[in-house]
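Here are a few exercises to work through with the model open in your viewer. Try each one before reading its solution.

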Amino acid sequence: MGLPHAGVLIFGLLSVFQLSHSSSDKDDFTKVRAVNLGGWLVVEGWIKPSLFDGIPNGDMLDGVQVQLKSVALQKYVSAVGGGGGNVAVDQDAASTWETFKLWRVSDSEFQFRCLNGQFLTASNQDVISATTDSPGDSETFYIERNNSMLHIKLSNGSYLQVTNNNQLTSNYHSQPGWGDDMATFQMTIAANNLHGDYQLANGYGPVQAKAVLTEHRKSFVTGNDFFLLSQNSINAVRIPVGWWIAYDPDPPAPFIGGSLEYLDRAFYWAQVYGLKCIIDLHAAPGSQNGMEHSASRDGSVDWPSEVNIQKTLDVIKFLAQRYADDPSLLGIELLNEPSAGAVPLDTLVSYYKKGYKIVRSYSETAYVIFCQRIGNADPMELYEADLGPTNTVVDLHYYNLFDPYYEKLNATENIQFVYEKRLPQVRALNGANGPLVFVGEWVNEWNVANASQIQYRSFGKAQLEVFGEASFGWSYWTVRCNSVHWDYEWNVRNRYLIIGKQFVLQLPSTSSHLNTIHTGPGMTRRRGV
């Protein structure tokens with residue numbers, strides 16, 4: 001659909017931002033009511049699973065965790081001690097030492113990473129060990145597959161086999177049949193939960209990945225979405241981007257260029273329809289949380305290094321320089337969801353302070369947003385860090401999900417939790433001296449089975465009321481999703497979430513008793529379904 005006629009812009013242009021110039025000046029400020037554009041410029045496979053449908057050996061992507069059992073010995077291949085030494089084929093049951101993360105080289109070539117980070121290698125004559133930190137030819141194995149059965153071959157044509165004394169060797173020199181048990185292994189996939197940009201690009205290869213992502217970026221979010229949001233009480237979008245956007249159009253392999261063009265389009269659409277943009281650095285070099293939405297290759301968190309942090313600061317400089325003068329820029333979020341377990345607070349605070357100064361060197365007014373660490377971390381730690389004097393924001397992500405605690409809550413208890421636990425924290429942070437408060441991600445979904453539309457509405461109403469008290473505002477995750485209750489447009493179109501009276505203008509007429517939620521005065525980890 002083309003851009004609607006300019007005459008329909010009236011409602012969108014009514015959303016006026018009155019930007020304060022001090023983090024503590026909260027009176028002259030119209031709050032953010034935003035929607036995240038998740039799964040668009042940073043891939044998350046659960047949001048759009050069909051993106052991965054055409055990948056050969058699609059269950060053997062980067063980061064898939066596999067276990068290998070000898071058919072002959074009925075024992076598992078084990079990196080003794082988790083890696084760094086010998087490999088044995090002597091375990092009756094598989095645990096961490098017997099679990100290997102795949103690094104994909106092609107649709108039939110793979111490297112096997114051990115618990116401690118070393119790779120299986122054939123560099124020690126005929127005996128396979130786990131002693132190499134950086135993989136190369138000797139750590140690359142060709143896979144011949146018959147469903148879950150594998151033959152594993154070296155580049156010289158020899159196959160791996162087990163010996164009667166429980167060794168793994170590479171001296172099976174003929175072509176094995178599937179009845180040759182000594183050279184046959186049964187593969188079990190222990191985990192397959194990474195479906196991000198790395199897996200997509202490396203899975204398809206550069207040519208096909210570019211075709212898939214070009215079509216996805218062109219169609220997943222369009223100007224029509226910006227128009228729809230502008231007409232229905234939304235005044236901003238939070239746009240996740242990956243670090244490789246700064247290297248467009250030719251980012252480092254395996255990442256695919258082209259996302260910068262669509263970020264530019266988003267700013268254009270935002271200006272046309274009177275919305276503001278928050279640029280959210282969702283994926284940093286090396287991954288700040290080991291998840292697919294930070295483009296981790298295998299679940300490792302390698303961001304907290306001097307080299308990766310400097311590369312990240314360079315990305316912030318690129319974004320600030322490019323968009324600082326754009327009237328649609330509201331803020332730049334320096335890093336999404338750093339892991340409390342892997343990113344030390346002092347490292348994060350140092351990065352945040354440097355990032356703040358970079359943004360300020362290009363804009364005096366753009367908000368600089370600091371996301372709290374996910375996991376065991378108190379957001380107050382960022383209020384105590386003195387991250388910057390003006391226009392600063394702390395981003396909290398609130399989900400009644402991803403923790404066993406929420407699994408036992410019924411609908412009423414989930415709603416009570418929002419009022420009794422979330423609201424006091426929001427108010428306490430509102431009263432803290434320092435950054436504004438932003439609930440940058442939340443969703444109208446929970447672990448309540450067979451919940452009714454009325455129950456979903458009540459849950460959404462509670463969240464809107466509570467998160468509406470946040471001094472900066474809120475942003476729903478996400479605009480569109482294969483899981484419908486995560487899909488903002490589905491929720492409002494089907495009236496599972498009632499945002500405000502403007503939304504009714506886009507729908508068939510409904511009874512007037514529907515609540516209009518007013519934003520105004522009155523921790524968890526991330527998604528991964």
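**Exercise 1.** Leaving aside its neighbours within four places in sequence, which residues is S296 in contact with? Then place S296 in the fold and decide whether it is buried or exposed.

*Solution.* Keep in mind that this is a predicted model.
- Start with the location: S296 sits in the loop that runs between β15 (276-283) and α6 (306-323).
- Next, list the partners. Beyond four places in sequence, S296 contacts L194, Y198, Q199, S287, G290 and M291.
- Now check accessibility. S296 has 2% relative accessibility, so it counts as buried; the cut-off is under 20%.
- Finally, look at the side chain: one of its polar atoms lies 3.3 Å from the backbone oxygen of S300.

**Exercise 2.** Find the residues that touch the most other members of the largest nonpolar core, and follow up on F226.

*Solution.*
- The core has 101 residues, and W40, F226, I239, Y351 and Y352 touch the most other members.
- Helix α5 (residues 259-273) is the top contributor, giving eight residues.
- For F226, skip neighbours within four places in sequence; that leaves contacts with L37, V221, V237, A266, W269, A270, Y273 and L275.
- Apart from this core there's another, of 39 residues, including L61, V77, F185 and V212.

**Exercise 3.** What lines the largest cavity, and how do those residues split by class?

*Solution.*
- Take the space first: about 60 Å³.
- Then go round the wall: L68, V77, F112, L120, F141, I152, L160, L168 and F185.
- Sort by class and you get nine nonpolar residues, no polar ones and no charged ones.

Terms used
Residues numbered from 1 in each chain as written. Predicted model: local features only at pLDDT ≥ 70, side-chain atom pairs only at ≥ 80, totals over all residues. Heavy atoms only, no water. 1 Å grid on protein atoms, 1.4 Å probe; cavity = no way out; pocket = protein on both sides within 12 Å on 5 of 7 lines; lining within 4 Å. Points joined across faces, edges and corners; volume = space filled by probe spheres on them. Nonpolar A, V, L, I, M, F, W, Y, C, P; charged D, E, K, R; others polar. Helix = DSSP H or I, 4+ residues; strand = E, 2+ residues; numbered from the N terminus. Buried < 20%, exposed > 50% of the residue type's maximum accessible area, 1.4 Å probe, protein only. Polar contact = N/O pair within 3.5 Å; in protein donor to acceptor, adjacent residues only side chain to side chain. Contact = heavy atoms within 4.5 Å. Core = buried A, V, L, I, M, F, W, Y, C linked by side-chain atoms within 4.5 Å.
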